Amino acid sequence: MLLKGKTAVISGGAGARGIGFATAKTFAAQGARVAILDLDAAGAAKAAAELGPEHVGIGCDVTDKADCARAIGEVLAATGQIDILINNAGITQAIKVWDIDPESWARIQDVNLKGVLYLSQAVMPHMRERKAGAIACMSSVSAQRGGGILGGAHYSAAKAGVLGLAKAMARELGADGIRVNCVTPGLIQTDINAGKISDDARVKILENIPLNRLGVPQDVANIFLFLASDLSAYVTGAVIDVNGGMLIH
């Protein structure tokens with residue numbers, strides 16, 4: 001029970017076949033009480049109910065600073081503490097760089113980058129007061145290699161921004177006992193990319209993955225578990241690749 005007695009907040013956790021819900025199930029199995037946040041409030045409540053009666057699901061728009069504060073307040077009212085934050089909520093868009101319009105740029109940046117800042121800020125007062133906390137942020141191999149699979153350049157830019165933001169937060173929050181790290185998944189089989197990769201494209205992609213398979217949500221959830229637990233007690237400001245060797249530095 002790596003997370004016994006801990007409470008974890010996971011954003012973007014309502015999708016049954018997504019990384020967020022896989023992480024929620026993994027954390028619950030390791031003893032954590034889980035609060036699932038999602039723009040889909042009903043979906044968040046349903047996902048939490050599937051985990052068990054002690055878990056909670058709350059609607060939250062991560063692009064709205066006030067709504068993040070409201071949602072975290074509800075979690076604290078229900079659980080009394082927050083030990084872990086997983087910034088998982090994100091969206092993507094397959095589009096060429098010359099076709100990115102102001103609205104698309106803002107939408108992708110707001111959810112993937114600004115949402116990480118706002119939700120992290122919402123838990124900071126509580127974690128700083130307790131002098132303890134673990135925050136893990138979802139980035140992407142797209143940030144490291146410059147896209148090239150499904151998301152556009154604005155997605156790569158947002159996910160690269162997450163890396164810089166998380167490292168800066170790690171530096172500033174370390175004195176308060178709060179660790180901040182990033183995960184950079186490669187191509188993971190979720191609803192976001194379901195049906196968008198042809199058989200021919202899949203063969204070509206696998207040629208460049210030494211482990212010769214696409215990832216599954218559990219692959220990422222396992223790394224979030226490591227970063228949330230005391231197994232990583234001396235790890236902060238780190239970036240962990242979960243890509244099967246697609247990108248080897």
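This tour moves through one annotated span, two pairs of packed helices and two single residues, with a selection to make at each stop.

The model is predicted, so to speak of local features a pLDDT of at least 70 is needed, side-chain atom pairs count only at pLDDT 80 or more, and totals for chains, interfaces and linings use all residues. Residues are numbered from 1 along each chain as its sequence is written, and side-chain values use heavy atoms, with hydrogens and water left out.

**Residues 6-186.** Select this span to begin, which the unreviewed UniProt entry annotates as "domain: Ketoreductase"; such annotations may be inferred rather than shown by experiment. The span is 51% helix and 18% strand, and its end C-alpha atoms lie 29 Å apart. Helices here are DSSP runs (H or I, at least four residues), as are strands (E, at least two), numbered from the N terminus.

**α1 and α2.** Next select residues 19-29 and 41-51, the helices α1 and α2, which pack at an angle of about 30° with their axes 10 Å apart. That angle makes α1 roughly parallel to α2 (under 35 degrees, on a scale from 0 to 180 degrees between N-to-C directions). Show the side chains of Phe21, Ala24 and Lys25 in α1 and of Ala47, Glu50 and Leu51 in α2, which make the contact (heavy atoms within 4.5 Å). By class, this contact has 4 nonpolar, no polar and 2 charged residues.

**Gly148.** From Lys25, move to Gly148, which is 123 residues away in sequence and 31 Å away in space, C-alpha to C-alpha. Gly148 is placed in the loop between α5 (141-145) and α6 (153-173), and it counts as exposed at 70% relative accessibility (exposed is over 50%, buried under 20%, with a 1.4 Å probe and protein chains only).

**α4 and α6.** Now select α4, residues 102-130, the helix in which Gln109 is found, together with α6. The two helices pack at an angle of about 15°, with their axes 9 Å apart, which makes α4 roughly parallel to α6. Among the residues that meet here are Trp105, Ile108 and Leu113 in α4, and Tyr155, Val162 and Leu165 in α6. By class, the contact of α4 with α6 has 13 nonpolar, 6 polar and 2 charged residues.

**Gln109.** Finish by centring on Gln109, which is buried, with a relative accessible area of 12%. Leaving aside neighbours within four places in sequence, Gln109 is in contact with Lys114, His154, Ala157 and Ala158.

Definitions and conventions:
Parallel < 35°, antiparallel > 145°, perpendicular 65-115°, else oblique. Nonpolar A, V, L, I, M, F, W, Y, C, P; charged D, E, K, R; others polar.
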